[in-house]
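Please walk through the structure below and keep an eye on how the chains are built and on how far the coordinates can be trusted.

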Amino acid sequence: MTSVKELLIILISSSLVSNVVLSQFLGLCPFLGVSRKINTAAGMGGAVIFVITLASGVAGVIYRFVLVPFHIEYLQTIVFILVIAALVQFVEMFLRKAVPALYEALGVYLPLITTNCAVLGVALTNVQKEYGILAGIVNGFATAVGFTISIVILAGLREKMEHNDVPGPFRGMPMVLLTAGLMAIAFCGFSGLL
Amino acid sequence: MNKAGERLWNGLVKENPTFVLMLGMCPTLAVTTSAVNGLGMGMTTLVVLALSNLMISAMRKIIPNSVRIPAFIVIIASFVTIVQLLLEAYLDSLNDALGVYIPLIVVNCIILGRAESYAYSNPPIPSLFDGIGMGLGFTVALTCIGGVRELLGAGELFGRRVMPESFTPIGIFVLAPGAFFVLAGLSALQNVAKAAGAKKGKDVSKIGSGCSEDCLNCGQKGCSRRLVEFGAQDPEKASAQTLGETDAKSSGKAEPQTVRGTDIRSLGKVDSNILEKADQSDVQEIPDIQILDWTSTAKEKKK
């Protein structure tokens with residue numbers, strides 16, 4: 001059983017120190033693609049937190065109680081990707097029926113994250129680092145919080161930059177990438193935290 | 001044989017997945033800390049891409065249209081697992097260096113994109129060469145980016161010192177921020193090329209048409225970010241993967257979305273007639289105007 005202290009360390013290190021986007025480059029596509037406005041970025045972040053936390057829990061349970069007992073750990077990639085894809089579908093259907101308010105808020109983002117590589121990445125990292133189910137869920141939650149933090153910050157910066165006079169070739173994506181690079185430098189500062 | 005050569009050239013130069021289409025950016029940024037890592041990742045992806053293209057193409061008549069995406073994923077994931085086990089057995093150092101990014105090849109946009117846009121509608125041999133060509137293009141690109149980062153960040157190339165002693169390595173280029181800076185430079189070069197090409201009247205719609213745009217308005221098929229069609233939806237609907245479609249209780253709501261997405265993506269390719277047609281038609285018509293640049297090859301073949 002993991003102690004509270006270990007869980008706290010996982011929480012900080014996954015959300016800030018080794019930020020999923022800025023130092024591990026997972027989930028880069030939505031990070032660049034859905035960061036035009038703070039509102040949409042926050043919505044995307046919320047959906048990612050929801051899905052990754054759920055997916056890391058489900059993947060952890062399946063790994064522990066199905067893959068390990070049958071000695072088929074090597075099938076983890078196939079099993080995880082299918083579980084995640086199916087899970088997002090079910091979540092979408094469930095939310096649409098049961099919690100329409102939440103579906104209104106997150107619904108449009110769910111399809112975008114079905115195979116966001118961060119979801120699969122977290123599930124695989126949990127196995128690689130031999131986290132238990134609880135630690136895995138905490139890790140998933142922390143990773144997703146890290147994603148949300150960085151995408152909201154980037155969206156804020158992009159809103160500010162929108163009307164700036166950027167040199168021709170750097171308009172659009174290059175400027176966003178440069179901003180992301182500067183954010184990555186800033187996040188390097190967290191590495192002294194642990 | 002001519003066909004095979006054409007596919008190789010297409011993947012290496014004309015539709016280079018990294019330099020032209022900007023696809024699969026996650027592995028591109030993550031593993032290119034050195035030229036060797038880039039080469040290793042590229043070769044691994046090449047093997048998976050070629051084999052999965054071959055397999056999907058060979059099975060294209062058996063796989064029902066409505067479940068093709070899950071089928072593709074299972075095939076791709078199987079090959080990734082095989083390659084991962086082989087790497088663990090024979091190239092352990094590379095496996096350690098690439099870590100979690102090997103299994104993550106499964107969600108690489110390039111592989112699923114090629115399966116969807118080429119292998120599923122073409123015979124096995126051209127598909128195999130299409131996979132090899134795309135894989136080679138990816139490998140060359142990753143090796144170049146890795147080389148640049150290694151050269152600037154450590155003064156070395158493939159682990160050998162090439163810069164003069166007086167050169168102080170700019171360490172940040174092998175760290176995470178450097179990846180963003182190098183990609184920003186690459187993306188700026190693309191913009192320059194695009195502007196120059198447009199001036200000469202060339203078709204530049206392919207440049208940068210990959211995963212670097214606004215997701216919410218994107219109608220791209222086969223992008224791994226939008227595998228919504230996991231359930232048994234009907235094929236027409238499945239290919240109309242716009243966000244509008246997701247909550248398309250009213251088709252009226254879906255249309256502006258799609259037209260907007262098309263506007264952004266391939267302005268040059270859509271003439272006003274088609275847009276008008278889309279305005280009058282229902283959601284079922286949307287796939288027709290959603291043919292995006294890198295999927296156009298397959299559509300042409302079908303005709």
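What percentage of the 303 residues of chain B count as buried? In this predicted model, the buried share of chain B is 53%. Chain B contains 14 helices and two strands. Of its contacts with a separation of 6 or more, 74% are between residues 24 or more positions apart.

Confidence is the next point to settle for this chain. Chain B has a mean pLDDT of 72, with 67% of its residues at 70 or more. The values vary along the chain: helix 3 of chain B has the highest confidence, at 92, and helix 11 (residues 251-265) of chain B the lowest, at a mean of 37. Helix 11 of chain B spans residues 251-265, and across residues 221-303 of chain B pLDDT stays under 50. The model nevertheless has 149 contacts beyond four places in sequence for residues 221-303 of chain B. Where pLDDT is low, predicted coordinates should not be read in detail. For the model as a whole, the scores are ipTM 0.85 and pTM 0.76.

Chain A can be described in similar terms. Its secondary structure consists of nine helices and zero strands, giving the pattern α-α-α-α-α-α-α-α-α along the sequence. The radius of gyration of chain A is 18 Å, close to the 16 Å from the globule rule for 194 residues, so chain A is as compact as a globular protein of that length. Along the principal axes, the C-alpha atoms of chain A fill a box of roughly 60 × 45 × 30 Å. Buried residues account for 49% of the 194 residues in chain A. Taking contacts in chain A between residues at least 6 apart in sequence, 81% join residues at least 24 apart.

The interior remains. In soluble globular proteins, nonpolar side chains tend to be buried together. Here the largest nonpolar core has 127 residues, and those with the most contacts inside it are Val51(A), Val119(A), Leu120(A), Val48(B), Ile76(B) and Val106(B). Helix 3 of chain B, residues 35-58, gives the most to this core, with twelve residues. Helix 3 of chain B is also where confidence in that chain is highest.

Which residues does Val51(A) touch, leaving out those up to four places away in sequence? They are Val88(A), Val91(A), Ile113(A) and Val119(A). One of these, Val119(A), is itself listed with Val51(A) among the residues with the most contacts inside the core.

Key: Residues numbered from 1 in each chain as written. Chains lettered and ligands numbered in written order. Predicted model: local features only at pLDDT ≥ 70, side-chain atom pairs only at ≥ 80, totals over all residues. Core = buried A, V, L, I, M, F, W, Y, C linked by C-beta atoms within 7 Å. Buried ≥ 20, exposed ≤ 12 C-beta atoms within 10 Å, placed from the backbone. Helix = DSSP H or I, 4+ residues; strand = E, 2+ residues; numbered from the N terminus. Contact = placed C-beta atoms within 7 Å. Rg over C-alpha atoms; globule rule 2.2 N^0.38 Å. pLDDT = per-residue confidence, 0-100.
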